[in-house]
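This report describes one protein chain for a reader who can see its sequence and its structure. Please look at both before reading on.

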Amino acid sequence: MPVGRPRADRQLSHCKEVDLSCRTCIQQSSQNLLQIAATLDSAMVRQLFAAMYPNSNCQSNAPAFVQIVMRGQAAKELRIRPESIRRHAAVA
């Protein structure tokens, strides 16, 4: 089953009521986390996910959440430090 799409019986009732998919939820919350904590390692991000979403039905989305945050950190670092990108002349 794809990440972010739990079986219908596992989606939380309050999420169903507001038509909030797991994927949208973790994307929004991971972006919020990235804005306030840009230097977390993956283990800490996973711990924060568990604290934010203690319901066992949500835990299968932890890997996707961690990936989004880690990708966002890498992209943010590249935007902050463009000099860290090394350019090499093309060799024909």
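The sections below go from the whole chain to its core, and then to single residues.

## The chain as a whole

The model is predicted. Its secondary structure consists of 4 helices and 0 strands, so the order along the sequence reads α-α-α-α. The chain has 92 residues, and 27% of them count as buried.

The accessible surface of the chain is about 6,800 Å². Carbon and sulfur atoms account for 54% of that surface. If one takes the contacts between residues at least 6 apart in sequence, 57% join residues at least 24 apart.

## The nonpolar core

In soluble globular proteins, nonpolar side chains tend to be buried together. In this model, the largest nonpolar core has 17 residues. Those that touch the most other members are Ile-26, Leu-33, Val-45, Phe-49 and Phe-65. At least two residues of this core come from each of α2 (22-36), α3 (42-52) and α4 (62-80). Helix α4 gives the largest share, 6 residues.

What does Phe-65 touch, not counting residues up to four places away in sequence? Its partners are Ile-26, Ser-29, Ser-30, Leu-33, Val-45, Phe-49 and Met-52. Of these, Ile-26, Leu-33, Val-45 and Phe-49 are also listed with Phe-65 among the core residues that touch the most other members.

## Helix α2 and its buried side

Helix α2 has 15 residues, which at 1.5 Å a residue should span 21 Å. The C-alpha atoms at its ends are 21 Å apart, so the expected span and the model agree.

Which residues of α2 are buried? They are Cys-22, Cys-25, Ile-26, Ser-29, Ser-30, Leu-33 and Leu-34. Because these residues cover an arc of only 155° around the axis, they lie on the same side of α2. The spacing follows a general rule: an α-helix has 3.6 residues a turn, so residues three or four places apart point the same way.

## Two serines in α2

Ser-29 lies in helix α2. Is Ser-29 buried or exposed? Its relative accessibility is 11%, and buried means under 20%, so Ser-29 counts as buried. The side chain of Ser-29 reaches the backbone oxygen of Ile-26 at 3.4 Å. Apart from neighbours within four places in sequence, Ser-29 is in contact with Met-52, Tyr-53 and Phe-65. Ser-29 and Ile-68 are 39 residues apart along the chain, and their C-alpha atoms are separated by 9.9 Å.

Ser-30 is also a residue of helix α2. Its relative accessible area is 1%, so Ser-30 is buried as well. With neighbours within four places in sequence left aside, Ser-30 is in contact with Phe-65, Ile-68 and Val-69. Phe-65 is thus a partner of Ser-29 and of Ser-30.

## A glycine in α4

Gly-72 belongs to helix α4. With a relative accessible area of 13%, Gly-72 falls under the 20% limit and is therefore buried. Gly-72 and Leu-34 are 38 residues apart along the chain, yet their C-alpha atoms are separated by 6.9 Å. Leu-34 is one of the buried residues of α2.

## Two loop residues

Asp-19 is found in the loop between α1 (13-17) and α2. Its relative accessibility is 71%, and exposed means over 50%, so Asp-19 counts as exposed. Most residues other than glycine have a negative phi. Asp-19 departs from this, with a phi near 55°, a positive value in a residue other than glycine.

Ser-60 sits in the loop between α3 and α4. At 42% relative accessibility, Ser-60 counts as partly exposed, because this value lies between the limits of 20% and 50%. Ser-60 and Cys-22 are 38 residues apart in sequence, and from C-alpha to C-alpha they are 10.0 Å apart in space. Cys-22 is one of the buried residues of α2.

Terms used
Residues numbered from 1 in each chain as written. Predicted model: local features only at pLDDT ≥ 70, side-chain atom pairs only at ≥ 80, totals over all residues. Heavy atoms only, no water. Core = buried A, V, L, I, M, F, W, Y, C linked by side-chain atoms within 4.5 Å. Buried < 20%, exposed > 50% of the residue type's maximum accessible area, 1.4 Å probe, protein only. Contact = heavy atoms within 4.5 Å. Polar contact = N/O pair within 3.5 Å; in protein donor to acceptor, adjacent residues only side chain to side chain. Areas by Shrake-Rupley, 256 points an atom, 1.4 Å probe, with all protein chains shown as cover. Expected span 1.5 Å × (residues − 1). Arc of directions from axis to C-beta.
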